[in-house]
Amino acid sequence: MIIHTHETADIPTPSGMMRVHVFRPAVAGCFPGLVLFSEIYQVTAPIRRLAAMMAGQGHVVCVPEVYHEYEPAGTVLAYDRPGTDRGNFLKFEKPLQGYDGDARAVLDWLEASPYCTGALATMGVCLGGHLAFRAALDPRVRATVCFYATDIHSHTLGHGKKDNTLARVGELRGEALMVWGRQDPHVPFAGRQMIREALEVAQCTYEWHEFNAQHAFLRDEGHRFDAALFLQCMDMARNFLGRVLHVSA
């Protein structure tokens with residue numbers, strides 16, 4: 001499916017204007033909406049390619065700049081030590097209510113888009129996996145796809161490092177697809193078990209997949225990229241979202 005890949009919108013949030021990058025099918029019609037939350041580096045080239053992949057399968061994809069309060073619109077942090085340090089600092093500097101306000105704002109904007117059917121899902125990698133899961137606590141979200149979501153088990157997202165995501169798992173009304181790398185030091189076995197136990201106790205509807213892979217195995221830059229696993233996970237996500245959102249791409 002041919003897509004548009006270079007549209008942006010600056011939308012209001014409780015903590016200021018936030019730029020979102022929009023990827024959507026170029027054909028006429030309306031499609032389910034997907035909010036794609038990035039890793040700590042914001043909207044990098046690999047994130048853009050991931051967004052394009054999902055848009056080409058029949059979604060209107062919005063990628064918000066998660067650090068809009070701290071960085072000028074369009075800022076992309078580099079995959080190097082300074083970029084990593086800055087991204088990690090901002091991850092814990094930004095208040096939790098800022099993340100939640102952003103999620104509501106982008107879901108509101110996407111739901112009202114003339115290109116969206118009103119069916120909503122979230123997706124994310126790393127920090128974005130946590131943000132996608134947390135955004136899915138909004139009852140409008142039918143599905144969430146979370147790849148190696150960080151800081152859920154440690155309750156450390158946001159300023160003060162004291163989030164309540166696990167405590168709110170029972171609010172999840174949609175379905176979740178949770179994907180992990182077994183060699184990921186950021187989410188060890190005990191942490192993954194903690195998250196899965198919370199999902200079970202809350203009787204959530206979810207799929208759970210663990211692979212022999214490192215953190216950021218989907219990022220198609222760097223030594224941890226697993227191309228075969230990337231394709232497998234994209235097929236999983238396509239099938240999952242297609243079933244839950246009734247997509248026919």
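Here are some exercises with worked solutions on the structure above, which is a predicted model.

**Exercise 1. Trace the sheet: in what order do the 8 strands lie, and which strands are at the edges?**

Start with the order. The 8 strands make an open sheet that reads 1-2-4-3-5-6-7-8, with mixed pairing. Next, look for strands that pair on one side only: these are strand 1 (3–13) and strand 8 (206–211), the edge strands. On average, neighbouring strands in this sheet are turned by 20 degrees against each other, ignoring direction.

Now zoom in on one pair. Strand 3 (residues 31–37) and strand 4 (residues 60–64) run parallel and are joined by 3 bridges. If you want a residue to click on, try leucine 34, whose bridge partner in strand 4 is valine 61.

**Exercise 2. Find what packs on the sheet: which strands does helix 4 touch, and how many of its residues are buried?**

Step one is the contacts. Helix 4 (residues 127–135) packs on the sheet and touches strand 3, strand 5 (116–125), strand 6 (141–147) and strand 7 (175–181). The direction of helix 4 makes about 140 degrees with that of strand 5.

Step two is burial. Helix 4 is mostly covered, with 9 of its 9 residues buried. Among them are His130, Phe133 and Arg134, so go by the cut-off here, not by polarity: a residue is called buried when its relative accessible area is under 20%.

Step three, for contrast, is helix 6 (residues 227–245). Helix 6 lies across strand 3, strand 5, strand 6, strand 7 and strand 8, and runs at about 170 degrees to strand 6.

**Exercise 3. Map the nonpolar cores: how many residues does the largest one have, and which have the most contacts inside it?**

A bit of background first. In soluble globular proteins, nonpolar side chains tend to be buried together.

Here, the largest nonpolar core has 50 residues. The residues with the most contacts inside this core are Phe37, Tyr67, Phe133, Leu172, Met178, Ile195 and Leu199. Helix 3 (residues 96–112) gives the most to the core, with 7 residues.

Pick tyrosine 67 and list what it touches. Leaving out residues up to four places away in sequence, tyrosine 67 has contacts with Ile40, Gln42, Leu77, Gly87, Leu90, Lys91, Tyr99 and Leu127. Another core lies apart from the largest one: it has 37 residues, including Ile47, Val63, Leu218 and Phe230.

**Exercise 4. Check the cysteines: why does cysteine 62 form no bond with the closest cysteine sulfur?**

Begin with the total: the structure holds 0 disulfides. Then take the distance. The closest cysteine sulfur to that of cysteine 62 belongs to cysteine 116 and is 8.2 Å away, so a bond is out of reach. Cysteine 62 is also buried, at 0% relative accessibility.

Do the same for cysteine 233. Its closest cysteine sulfur, in cysteine 146, is 13 Å away, which is too far for a bond. Cysteine 233 counts as buried too, at 0% relative accessibility.

**Exercise 5. Compare two backbone oddities: where do glutamine 42 and histidine 155 lie, and is each buried or exposed?**

Keep the norm in mind: most residues other than glycine have a negative phi.

Glutamine 42 has a positive phi, near 70 degrees. Glutamine 42 sits in the loop between strand 3 and helix 1 (45–55), and with a relative accessible area of 1% it is buried.

Histidine 155 has a positive phi of about 60 degrees. Histidine 155 lies in the loop between strand 6 and strand 7; at 32% relative accessible area, it is partly exposed.

**Exercise 6. Follow the charges: which parts of the chain does the pair of arginine 49 and aspartate 220 link?**

The count of salt bridges comes to 19. In one of them, the side chains of arginine 49 and aspartate 220 meet at 2.8 Å, N to O. Arginine 49 is in helix 1 and aspartate 220 is in the loop between strand 8 and helix 6, so the pair links distant parts of the chain, 171 residues apart. Arginine 49 is partly exposed at 39%, and aspartate 220 is partly exposed at 30%.

Move on to arginine 168, which forms a salt bridge with glutamate 171 at 2.9 Å between the closest N and O atoms. Shared partners also join Asp108, Glu111, Asp138 and Arg140 into one salt-bridge network.

Technical notes: Residues numbered from 1 in each chain as written. Predicted model: local features only at pLDDT ≥ 70, side-chain atom pairs only at ≥ 80, totals over all residues. Heavy atoms only, no water. Pairing = 2+ DSSP bridges. Helix = DSSP H or I, 4+ residues; strand = E, 2+ residues; numbered from the N terminus. Axes fitted to C-alpha atoms, helices over the stretch in contact; angles between N-to-C directions. Contact = heavy atoms within 4.5 Å. Buried < 20%, exposed > 50% of the residue type's maximum accessible area, 1.4 Å probe, protein only. Core = buried A, V, L, I, M, F, W, Y, C linked by side-chain atoms within 4.5 Å. Disulfide = S-S within 2.5 Å. Salt bridge = Lys/Arg side-chain N within 4 Å of Asp/Glu carboxyl O.
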